[in-house]
Amino acid sequence: MRDAAPQAVYLSDYQPYGFLIDRVALTFRLDPHATRVRSRIAFRPNPEAPSRDFFLHGEGLALISAAIDGTPVSPEVTETGLTCTVPDGPFTWEAEVEIDPAANTALEGLYMSNGMYCTQCEAEGFRKITYYPDRPDVMAPFDVRIEGDAPVMLSNGNPGARGAGFAEWHDPWPKPSYLFALVAGELVNHPDSFTTRSGRPVELNVWVRPGDEGKCAFAMESLKRAMAWDERTYGREYDLDVFNIVAVDDFNMGAMENKGLNIFNSAAVLASPETATDANFERIEGIIAHEYFHNWTGNRITCRDWFQLCLKEGLTVFRDQQFTADQRSAPVKRIGDVVALRARQFREDAGPLAHPVRPESFVEINNFYTATVYEKGAEVIGMLKRLVGDDAYGRALDLYFDRHDGDAATIEDWLTVFEDVTGRDLAQFKLWYQEAGTPRLRVTEDYADGTYTLHFTQHTPPTPGQPEKLPRVIPVAVGLLGPNGDEVQETVICEVTEARQSFTFDGLSGRPVPSILRDFSAPVIVERDTDNAERAFLLAHDTDPFNKWEAGRALAREALVAMILDDAAPDPAYLDAVAAMARDDSLDPAFRALALDLPGQDDLAQTIHTRGHTPNPDAIWAALEALRDARAARMEELAHELFAAHQVTAPYRPDAAQSGARALANAALAMITRRDGGAAAQAQFEQATNMTLQLAGLANLLRAGRGDAAARAFYDQWRDDRLVIDKWFSLQVVQADPEDTADIARRLTEHPDFEMKNPNRFRAVLGALSMSQAGFHHASGKGYTLLADWLIRLDPVNPQTTARLCTAFETWRRFDGNRQALIRRELERIRATDGLSRDTTEMIDRILAA
Ligand code: B3K
Ligand code: ZN
């Protein structure tokens, strides 16, 4: 639906809906082009609402008939919904509409994916299915009847009557419309069962297209582990007789937590050792858990309005992070999460799209499913837990579930349970929800006569619409190391609440080395003058695994910044320290692999920009290549040792131990390839029995410029597996030389298997382009033009995915005048496109705004 002048919605305008709903009955008569949806909705006046205007959302619906209490009515219909005069007391609304799922390429509402009917209603897709108050604070139990010839027809809740050509479903738990789901098609299931700790038997199914049955076991096993974990850790049990997961190929995101019927992007469910990498397995485990955990944090307790999105998303991300940390390695998980947070959320917070964890206005809510709402939202909960302690956190969560079960709640409700449990005033803490921007925490120190003092100064730069910032509560976890490397002060939390504040440590026998922001205790940027000797010391001795890794990362970053800005040679201090760390067998191989990873191009551009310089993508690329070469030379022998020592001979398991070993062996392979030109990579590619090794072999061959034959062989081997072919598309872009990235991406868009309508495939090429910094930011502008061309083409087909990919341009003001002018031209060209969607219009306007 197009909107000429997109209107913003404001949190401050919230009003309860005029009516409550006692029951919803929906009947679907499925047809690819003419599905009929009959609705019967029992309304009654909401005593708490200020107005009783009857408005139902509806978009792109052909209204066939409408009646109130059995009497036909003629509502006033607009592009966004309908209004109608209604009785003073309770009444029943009945309507029939017709929709065209086969024409729905936006993948929101009811649509078709490879002949299968499926839905996506969050945030505002239900209004494309029928007329309804499509807002999260209107909750109701749903009865659904599906009529059609599909062998499998699913909806939310528990199964009811079923017969030739129909299936009925009853969901007893009141839910908002965004959690509605329907799936129908030729599907096969991978079944299992789970008994909750109070003895409720639950039937579990993973539904897939015939042929994919063999790739469901890991998802199922992850689901059962997630169910048991949520009982153990949060005391939360499942509450229906059946839990269904369905894999669909065309999906705008990872997955969706519809009540009792989770719908997943097939990339987030299907896995076998031969077709999925270790990283894919870990992602599947995390997403399965995330969607399952939403059953309580999102579904049983939902959001009052979309401004409160972080209430369910921040908390559910936090819970899935805890789950993965428990299942695998907590330090490795934490490091990975911080790398992702800095890459995506810090970048967002530093640019034109910065917004608070709880935004105060939006034009299109789908544009606010962001790293800030999700990942920073999770960090805010982590800080809260640190501040109140684990025990109080547990009691606050129990109270939250008790007090708000069945509610559409707010961030105020959430903070109040913590205040009630701890007696603590969280007014200042709430700024984390209200103010955008990443705080800078400047640290200086004094030492005299056994007393060590840390001085903190905090400052948050202005963000769009928020020029002034107040001091926040920042929990800074600090430990101190003595000169011999022993810890002389265990981790304590310095609670910084003022713009400037100092903390003193007494009784020390010498000047300590501080380990600041252990475990990344707050999402801030620490600024402190230090040197490489101290970083190397922390890398060798810090007992906090996060800060140990951080010290190595800082060494690498400083080495790279000196190479980029001052043309320095690769720093021997870094090379020595990283070699010592890599050879330290007392460290987890997964940790060593992470420590061998270098900061990304975007991370370096961000760092250089923050320090007041203009990042040059070519210089950044060149420095990374030079450091990788120098490291490969310095560690040549060690790389072979590491490679040999971390070959896994046992049958494939996607667990932390095996994937850690493979990660380290693959990091070694990358170094070896720089010396042997690809011989070892070729051997690994040919002999691999799992995708983790095969893909690493191919990646290294492509990077070495020797990947053409391997890429052809890979394609021939996997041409019938769409998820593997997605990897084939994206790897060729990601591994390209920056000079050729855009040309290779363009060529791939001409490949017969390129499908613009499939978001996974589109992202595999154009998303990969946008993430290949030096290639995307090629000085000619060819990367920008190619992406803009495709965004213009995709927008009328799928506005949501188009708008999401516009974030490729969010960093444009960091760059030189030439690149800025080239990007501006492309942004303006997209903006000038006739009929541009509301989604993309909002994104471009925000990115272009001064
Ligand atoms: N809640 C969904 C995301 C919906 C996105 C709508 N544009 C998946 C999740 O966060 O679990
Ligand atoms: Zn979620």
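These legends walk you through close-up views of a predicted model. Residues count from 1 along each chain as written, chains are lettered from A and ligands numbered from 1 in written order, and side-chain values use heavy atoms, without hydrogens or water. Local features need pLDDT of at least 70 and side-chain atom pairs pLDDT 80 or more, while totals for chains, interfaces and linings use all residues.

**View 1. Here are the neighbours of ligand 1.** Around ligand 1 there are 14 residues, and E122, E257, E291, N366 and Y374 come nearest (near: a heavy atom within 4 Å). The shell holds five nonpolar, four polar and five charged residues (nonpolar: Ala, Val, Leu, Ile, Met, Phe, Trp, Tyr, Cys and Pro; charged: Asp, Glu, Lys and Arg; polar: the others, Gly among them).

**View 2. Now look at polar contacts of ligand 1.** Here a polar contact is a pair of N or O atoms within 3.5 Å. A nitrogen atom of the ligand sits 2.7 Å from a polar side-chain atom of E257. For the side chain of E313, an N or O atom is 2.9 Å from a ligand oxygen atom.

**View 3. Ligand 1 lies between two domains.** Both domain 1 (9–278) and domain 2 (302–434) contribute to its shell, so ligand 1 lies between them; the bounds come from an automatic or database domain assignment.

**View 4. Finally, meet the contact of domain 1 with domain 5.** Their C-alpha centres are 34 Å apart. Across this boundary, 23 residues of domain 1 touch 26 of domain 5 (contact: heavy atoms within 4.5 Å).

Note on methods: Polar contact = N/O pair within 3.5 Å; in protein donor to acceptor, adjacent residues only side chain to side chain.
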